[in-house]
Amino acid sequence: MNDDGRQDGTKPIGIDELLEQVRSGFVRVGAREAAAAAADGALLVDIRYAELRERDGLIPGALVVERNELEWRLDPQGSHRARQAVSHDLPIVIICNEGYASSLAVASLHRLGLHRATDLTGGFQAWRAAGLPVAEA
């Protein structure tokens with residue numbers, strides 16, 4: 001047993017190391033790449049919480065799914081899936097506020113077999129800073 005009480009002999013890691021590990025498993029995209037991917041049929045998914053969407057606005061055409069519902073809504077085999085979740089091969093770009101929570105969400109989606117999921121580097125703030133379209137909530 002470790003000093004931290006873990007019986008499996010592993011050491012806990014910090015969030016920075018966890019982010020580095022999960023991000024090594026996929027290629028992240030920039031704001032303009034995300035917009036181009038959406039134009040080519042990728043599903044943009046905004047996982048920001050309501051207060052941020054109300055404050056900063058929405059990306060036109062993005063599916064809004066709060067983080068705590070993401071896996072249930074995007075699993076193509078799930079009973080609570082969004083109508084857009086049609087295939088494990090669907091290209092998906094996850095968007096949070098600044099590009100941190102989205103990376104962890106992508107790792108979870110990959111475990112569900114959504115192998116083409118990625119996230120937007122810098123999140124919604126990078127989208128807005130790039131001058132891409134934003135609509136009022």
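**Note on a predicted protein model**

1. Q84 is found in the loop between α4 and β3. The model under review is a predicted one. With a relative accessibility of 23%, Q84 counts as partly exposed, because buried residues must fall under 20%. Leaving out residues up to four places away in sequence, Q84 touches L43, L63 and L90. Its C-alpha atom is separated by 22 Å from that of R32, and the two residues are 52 apart along the chain.

2. A second glutamine, Q77, also lies in the loop between α4 and β3. Is Q77 buried or exposed? At 67% relative accessibility, Q77 counts as exposed, because the limit for that class is over 50%. Q77 and H88 are eleven residues apart in sequence, and their C-alpha atoms are 8.9 Å apart in space.

3. The overall architecture may be considered next. The protein has six helices and four strands. Along the sequence, these elements follow the pattern α-α-β-α-β-α-β-α-β-α. The radius of gyration is 16 Å, close to the 14 Å that the globule rule gives for 137 residues, so the protein is as compact as a globular protein of that length. Taken along the principal axes, the C-alpha atoms fill a box of roughly 55 × 35 × 25 Å.

4. Some totals describe the interior and the surface. Of the 137 residues in the protein, 37% are buried. Among contacts with a separation of 6 or more, 65% are between residues 24 or more positions apart. The protein exposes about 7900 Å², and carbon and sulfur atoms supply 49% of this area.

5. V45 provides an example of a buried residue. V45 is placed in strand β1, which comprises residues 43-46, and its relative accessible area is 0%. Which residues is V45 in contact with, leaving aside its neighbours within four places in sequence? They are L63, V65, L70, L74, I92, V93, I94 and I95. By contrast, V45 and G9 are 37 Å apart in space, C-alpha to C-alpha, with their positions 36 residues apart in sequence.

6. L19 provides another example. This leucine is found in helix α1, residues 15-23, and at 7% relative accessibility L19 counts as buried. Although L19 and L104 are 85 residues apart along the chain, their C-alpha atoms are separated by 7.0 Å. L104 is one of the residues that L19 touches, together with Y100 and S103, when residues up to four places away in sequence are not counted.

7. The charged side chains deserve separate comment. The protein has 15 positive and 20 negative side chains, and the centres of the two sets lie 4 Å apart. Side chains of opposite charge can pair when their charged atoms come close. How many salt bridges does a search of the whole structure find? The search finds seven.

8. One of these salt bridges joins R48 and D46, with the closest N and O atoms 2.7 Å apart. Both R48 and D46 are buried.

9. Another salt bridge is formed by E66 and R53, with the closest N and O atoms 3.5 Å apart. E66 lies in the loop between β2 (63-64) and α4 (70-74), whereas R53 lies in helix α3 (residues 50-56), so the pair ties together parts that are 13 residues apart in sequence. E66 is partly exposed, with a relative accessible area of 28%. R53, at 13%, is buried.

10. R116 and D89 also form a salt bridge, and here the closest N and O atoms are 3.7 Å apart. This pair links distant parts of the chain, 27 residues apart: R116 is in the loop between α5 (101-111) and β4 (117-119), and D89 is in the loop between α4 and β3 (92-95). R116 is partly exposed, with a relative accessible area of 41%. D89 likewise counts as partly exposed, at 39% relative accessibility.

11. Salt bridges may also join into networks. In this model, R55, D56 and R128 are linked in a network of salt bridges.

How values were computed: Residues numbered from 1 in each chain as written. Predicted model: local features only at pLDDT ≥ 70, side-chain atom pairs only at ≥ 80, totals over all residues. Heavy atoms only, no water. Salt bridge = Lys/Arg side-chain N within 4 Å of Asp/Glu carboxyl O. Buried < 20%, exposed > 50% of the residue type's maximum accessible area, 1.4 Å probe, protein only. Helix = DSSP H or I, 4+ residues; strand = E, 2+ residues; numbered from the N terminus. Rg over C-alpha atoms; globule rule 2.2 N^0.38 Å. Contact = heavy atoms within 4.5 Å. Areas by Shrake-Rupley, 256 points an atom, 1.4 Å probe, with all protein chains shown as cover. Lys, Arg positive; Asp, Glu negative; His and termini not counted. Charge placed at Lys NZ, Arg CZ, Asp CG, Glu CD.
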